[in-house]
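The following exercises are to be worked with the sequence and the three-dimensional model at hand. Each task is followed by a solution in steps.

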Amino acid sequence: MARAEPVRYMFELAGVEYEDNRVSQDQWKEIKATTGLGQLPVLEVDGKQLPQSAAIYRYVGRVHGFYPSDACECAKVDVVTETVSEFNPDLGKIFIESDQAKKADLIKTLSAEKFPKRFSILEKLLVKTNEGKQWFVGDKISLADVQVFCILHDLIPVVIGLGPGGLDLKDHPHLAAFLDRFKSEEKISQWIKKRPVTSF
Ligand SMILES: N[C@@H](CCC(=O)N[C@@H](CS)C(=O)NCC(=O)O)C(=O)O
């Protein structure tokens with residue numbers, strides 16, 4: 001449910017057939033050298049490998065209609081992308097902390113201040129379009145929505161030990177309503193029900 005998940009959401013929404021290849025640590029040791037940058041995720045299309053999640057998101061977004069053609073609208077999507085990516089350093093710190101007491105402290109501190117501040121920024125971006133009653137950019141689901149859903153519904157709650165959908169967003173009602181709206185898209189709810197439960 002990490003960096004590859006936005007791609008799976010886009011494929012599911014667009015009805016694209018794809019091979020969802022999740023590798024174990026042992027398999028990773030064997031194939032790491034065969035991936036261009038030695039990192040995952042990698043998208044393989046017609047035998048060509050594309051690394052770097054942000055590049056993959058935009059590529060899939062462009063091909064399947066989740067990335068606008070208008071430069072101004074693209075920039076709005078990019079602003080959301082960058083805002084979402086600002087969670088990553090803190091999530092990384094929590095993820096790699098092996099001392100359970102320190103991990104719990106870190107989660108408590110970040111959940112009390114830094115995360116809610118970032119939720120407020122996302123909410124501010126959301127209400128700029130259609131008073132926050134629909135999607136982040138324009139009037140249809142874009143890469144921006146996919147990424148926000150992924151970080152708020154999947155990644156943050158999983159990393160802080162709550163499980164998907166476990167985040168308390170009562171102080172951010174527009175975001176909470178947005179998550180419900182996105183999740184009630186039939187293809188999304190179906191995917192969430194059927195997807196394999198793995199860390200990645
Ligand atoms: N900037 C890259 C970072 C990718 C990354 O750090 N991937 C991690 C997994 S989340 C990885 O491949 N780690 C294994 C390794 O470096 O051996 C992206 O967004 O795709």
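**Exercise 1. A link between two helices**

Is Arg 58 buried, partly exposed or exposed?

Solution. The model is a predicted one, in which local features need pLDDT of at least 70 and side-chain atom pairs count only at pLDDT 80 or more, while totals for chains, interfaces and linings use all residues. Residues are numbered from 1 along each chain as its sequence is written, and side-chain values use heavy atoms, with hydrogens and water left out.

Step 1. Apply the classes of relative accessible area: buried is under 20%, exposed is over 50%, and partly exposed lies in between (1.4 Å probe, protein chains only). With a relative accessible area of 22%, Arg 58 is partly exposed.

Step 2. Identify the partner. The side chain of Arg 58 forms a salt bridge with that of Asp 78, at 3.5 Å from N to O. The term requires a side-chain nitrogen of Lys or Arg within 4 Å of a carboxyl oxygen of Asp or Glu.

Step 3. Place both residues. Arg 58 belongs to helix α3 (residues 53–64) and Asp 78 to helix α4 (residues 71–85), so that the pair links distant parts of the chain, 20 residues apart. Helices here are DSSP runs (H or I, at least four residues), as strands are (E, at least two), numbered from the N terminus.

Step 4. Classify the partner. Asp 78 is partly exposed, at 23% relative accessibility.

**Exercise 2. Salt bridges within a helix**

Determine the settings of the Glu 5–Arg 8 and Lys 76–Glu 73 salt bridges.

Solution. Step 1. Recall the principle: side chains of opposite charge can pair when their charged atoms come close.

Step 2. Take the pair Glu 5 and Arg 8, whose side chains meet at 2.5 Å, N to O. Both lie in helix α1 (residues 5–14), and because they are three residues apart, about one helical turn separates them. Glu 5 is buried at 1% relative accessibility, and Arg 8 is buried at 5%.

Step 3. Turn to Lys 76 and Glu 73, with 2.9 Å from N to O. These residues are three apart in helix α4, about one turn of the helix. Lys 76 is partly exposed at 41%, and Glu 73 is partly exposed at 22%.

Step 4. Extend the view. Through shared partners, salt bridges join Glu 5, Arg 8, Asp 20, Arg 22, Asp 154 and Arg 195 into one network. The count of salt bridges comes to 14.

**Exercise 3. Two helix packings**

Describe how α7 packs against α9, and how α5 packs against α6.

Solution. Step 1. Choose the descriptors: two packed helices are described by the angle between their axes and the distance between the axes. Axes are lines fitted to C-alpha atoms, for helices over the stretch in contact, and angles run from 0 to 180 degrees between N-to-C directions.

Step 2. For helix α7 (residues 114–127) and helix α9 (residues 173–183), the angle is about 70° and the axes are 9 Å apart. The two helices are therefore roughly perpendicular (under 35 degrees is roughly parallel, over 145 roughly antiparallel, 65 to 115 roughly perpendicular, the rest oblique).

Step 3. List the contact, meaning heavy atoms within 4.5 Å. Phe 119, Leu 122, Glu 123, Leu 126 and Val 127 of α7 meet Pro 173, His 174, Leu 175 and Phe 178 of α9. These residues divide into seven nonpolar, one polar and one charged (Ala, Val, Leu, Ile, Met, Phe, Trp, Tyr, Cys and Pro are nonpolar; Asp, Glu, Lys and Arg are charged; the others, Gly among them, are polar).

Step 4. For helix α5 (residues 88–96) and helix α6 (residues 100–112), the angle is about 155°, with 9 Å between the axes. This makes α5 roughly antiparallel to α6.

Step 5. On the α5 side the contact holds Asp 90, Lys 93, Ile 94 and Phe 95, and on the α6 side Lys 103, Leu 106, Ile 107 and Leu 110. Five are nonpolar, none is polar and three are charged.

**Exercise 4. Backbone features in loops**

Which peptide bond is cis, with omega near 5°?

Solution. Step 1. The bond is that from Leu 40 to Pro 41. Pro 41 sits in the loop between α2 (25–31) and β1 (43–45).

Step 2. Examine Gln 52, a non-glycine residue with a positive phi of about 65°. Gln 52 lies in the loop between β2 (48–50) and α3 and is partly exposed at 44%.

Step 3. Examine Glu 131, whose phi is likewise positive, near 55°. Glu 131 is in the loop between α7 and α8 (143–159) and is exposed at 54%.
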